[in-house]
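Here are a few notes from my look through this model. Have it open alongside as you read.

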Amino acid sequence: LLGAVELLRDYLVVQERRDGLVHLRVHPWSASEALHDIEFDEPVYDAYLSVNREPESSVLRFGYESLTVPASTYDYDMRARTRTLLKREEVLGKFDPSHYQAERLMAIAPDGESIPISLVARRGVAREVSQPLLLYGYGAYGISIDPTFNSARLSLLARGFVFAIAHVRGGQERGRPWYDAGRLKQKEHTFTDFIACAEHLIEQAR
């Protein structure tokens with residue numbers, strides 16, 4: 001699913017969704033450079049093109065956040081393939097992203113479709129059946145629920161909760177077909193996907 005493009009003198013940068021995640025794909029106009037995705041360190045995240053006012057520049061500005069990292073702004077050197085953190089949203093208190101761990105899981109729906117799950121917990125929290133877990137989902141109007149940062153969630157995680165997002169059909173996390181498969185006569189998929197994600201998380205905790 002095409003989200004946005006940035007047209008520069010030496011590069012075309014495409015923001016797109018593939019297999020449930022946002023990718024920033026760099027297309028050099030020169031044959032001497034290879035097409036590549038900007039690499040991210042976490043299994044689940046959100047990334048987006050920022051304002052790039054200099055078409056001659058080989059440095060791309062983009063935004064990034066995740067279930068463990070607040071909204072951040074980076075400059076990415078497309079030739080050297082290196083990025084520089086410019087700023088990050090401040091979180092009050094003694095917040096440390098390394099105290100949290102995010103995962104990406106896959107549940108299998110009744111019709112065999114793989115449903116992505118984004119999950120976060122405090123590092124070291126045991127995944128047991130008795131562990132409290134909040135599972136969230138939406139799945140309507142083609143709205144994708146990205147695994148973004150929310151400081152209000154930290155209080156829940158501090159109490160030992162696990163937080164998960166079920167990326168059910170009806171959104172567009174996996175493109176337009178993902179939306180079409182969760183609407184009208186196929187709306188049932190939205191609910192059976194959510195149930196499958198819940199059952200998968202329970203099974204994983206045993």
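Before the points, one term: a strand here is a DSSP run of E, at least two residues, and strands are numbered from the N terminus. Keep in mind too that this is a predicted model.

1. Start with the hairpin. Strand 7 (residues 72-77) and strand 8 (residues 82-88) run antiparallel, joined by six bridges. If you want a register mark, Tyr 76 sits opposite Arg 83 in strand 8. Between the two strands there are four residues, and in this hairpin Arg 81 takes a positive phi near 60 degrees.

2. Next, the open sheet. It has four strands in the order 9-10-12-11, and the pairing is mixed. Strand 9 (100-108) and strand 11 (133-137) are at the edges with a single partner strand each, so one side of each has no neighbour in the sheet. From one strand to the next, the twist averages 20 degrees.

3. Inside that sheet, strand 10 (residues 114-122) pairs with strand 12 (residues 162-166) in the antiparallel sense, over four bridges. Ser 118 stands opposite Ile 165 in strand 12. As a reminder, strands of a sheet pair through backbone hydrogen bonds.

4. What about empty space: how many cavities of 30 Å³ or more does the structure hold? There is one, and the largest cavity has about 30 Å³ of space. Ser 118 turns up again here, in a lining that also includes Arg 104, Asp 146, His 167 and Glu 173. By type, the lining residues split into four nonpolar, three polar and three charged.

Methods: Residues are numbered from 1 along each chain as its sequence is written. This is a predicted model: local features need pLDDT of at least 70, side-chain atom pairs count only at pLDDT 80 or more; totals for chains, interfaces and linings use all residues. Side-chain values use heavy atoms; hydrogens and water are left out. On a 1 Å grid over the protein atoms alone, a cavity is a set of points where a 1.4 Å probe fits but cannot get out, and a pocket is an open set with protein on both sides within 12 Å along at least five of seven lines; lining residues have an atom within 4 Å of a point. Grid points are joined across faces, edges and corners, and a volume is the space filled by probe spheres set on the points. Ala, Val, Leu, Ile, Met, Phe, Trp, Tyr, Cys and Pro count as nonpolar, Asp, Glu, Lys and Arg as charged, and the others, Gly among them, as polar. Two strands pair if DSSP finds at least two bridges between them. Axes are lines fitted to C-alpha atoms, for helices over the stretch in contact, and angles run from 0 to 180 degrees between N-to-C directions.
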